[in-house]
Amino acid sequence: MEESSVTTAVMIMDDSRFVRADLCLRLELIDGIKVVGDTGSMLEALRLAKRLIPDLIILDLDMGEVSEKKNLVSTEKMAARELLHNLKTQSPLSRMIIYTVHADPEARKAAHAAGVSGFFIKGQD
């Protein structure tokens, strides 16, 4: 049987460098997966998504940053919704998976409304 030459380009966004490193190591072990970028910054994530146009973006909703736009309420939920919208704008063909500690049903609902393909809770069996 011939090996598949199809590679899925993945970008990881999490404010914990340890989580990013662990995900990178684990994903690189999977045939057909290539981690093309990782960042701990929302703004850098937007720049990377636009430049790299990954097939998949794995991201944490709670990045510990707030919106730079003065006209937006700077809560984590608002920043997360804004980030999801901006990622979809910067890289419309990328699928997104949320990997977070927040089990909040409203966060999950907002993520799915923003077009997120999956929502996984860190530390959940």
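## A tour from Thr100 outward

Select Thr100: its place is in strand E4. Keep in mind that this is a predicted model.

**Stop 1: Thr100.** Is Thr100 buried or exposed? Its relative accessibility is 0%, so Thr100 counts as buried, the cut-off being under 20%. Now show what surrounds it. Leaving aside residues up to four places away in sequence, Thr100 touches Asp60, Leu61 and Asp62. It also touches Phe119, Phe120, Ile121 and Lys122.

**Stop 2: E4 and E5.** Widen the selection to residues 95-100, which make up strand E4. Add strand E5, residues 118-121. E4 and E5 pair in the parallel sense, over 4 bridges. For one of these partners, pick Ile97. Which residue in E5 is its bridge partner? It is Gly118.

Next, select residues 105-113. This is helix H4, which packs on the sheet and touches E4 and E5. Compare directions: H4 makes about 155° with E5.

**Stop 3: the whole sheet.** Color the strands. There are 5 of them in an open sheet, with parallel pairing. Reading across, the order is E2-E1-E3-E4-E5. Which strands lie at the edges? They are E2 (33-39) and E5 (118-121), each pairing on one side only. Look along the sheet for its twist, which averages 20° from one strand to the next.

**Stop 4: helix H2.** Select residues 42-52. Helix H2 packs on the sheet, in contact with E1 (8-13), E2 and E3 (56-59). The direction of H2 makes about 145° with that of E2.

Show the side chains of H2. Which residues of H2 are buried? They are Met42, Ala45, Leu46, Leu48 and Ala49.

Then check both ends. At the start of H2, zoom in on Ser41: a side-chain oxygen of Ser41 comes to within 3.3 Å of the backbone nitrogen of Leu43. After H2 comes Ile53, with a positive phi near 45°.

**Stop 5: the full chain.** Zoom out and show everything. How many helices and strands does the protein have? The count is 4 helices and 5 strands. Along the sequence they follow the pattern β-α-β-α-β-α-β-α-β.

Switch to a surface view. The accessible surface comes to about 7,900 Å², and carbon and sulfur atoms hold 54% of it. Of the 125 residues, 38% are buried.

End with contacts. Take those between residues at least 6 apart in sequence: 60% of them join residues at least 24 apart.

Methods:
Residues are numbered from 1 along each chain as its sequence is written. This is a predicted model: local features need pLDDT of at least 70, side-chain atom pairs count only at pLDDT 80 or more; totals for chains, interfaces and linings use all residues. Side-chain values use heavy atoms; hydrogens and water are left out. Two strands pair if DSSP finds at least two bridges between them. Helices (H or I, at least four residues) and strands (E, at least two) are DSSP runs, numbered from the N terminus. Axes are lines fitted to C-alpha atoms, for helices over the stretch in contact, and angles run from 0 to 180 degrees between N-to-C directions. Contact means heavy atoms within 4.5 Å. Buried means under 20% relative accessible area, exposed over 50%, partly exposed in between (1.4 Å probe, protein chains only). A polar contact is a pair of N or O atoms within 3.5 Å; within protein, one must be able to donate a hydrogen and the other to accept it, and residues adjacent in sequence count only if both atoms are side-chain atoms. Accessible areas come from the Shrake-Rupley method with a 1.4 Å probe; for residues, only the protein chains shown count as cover.
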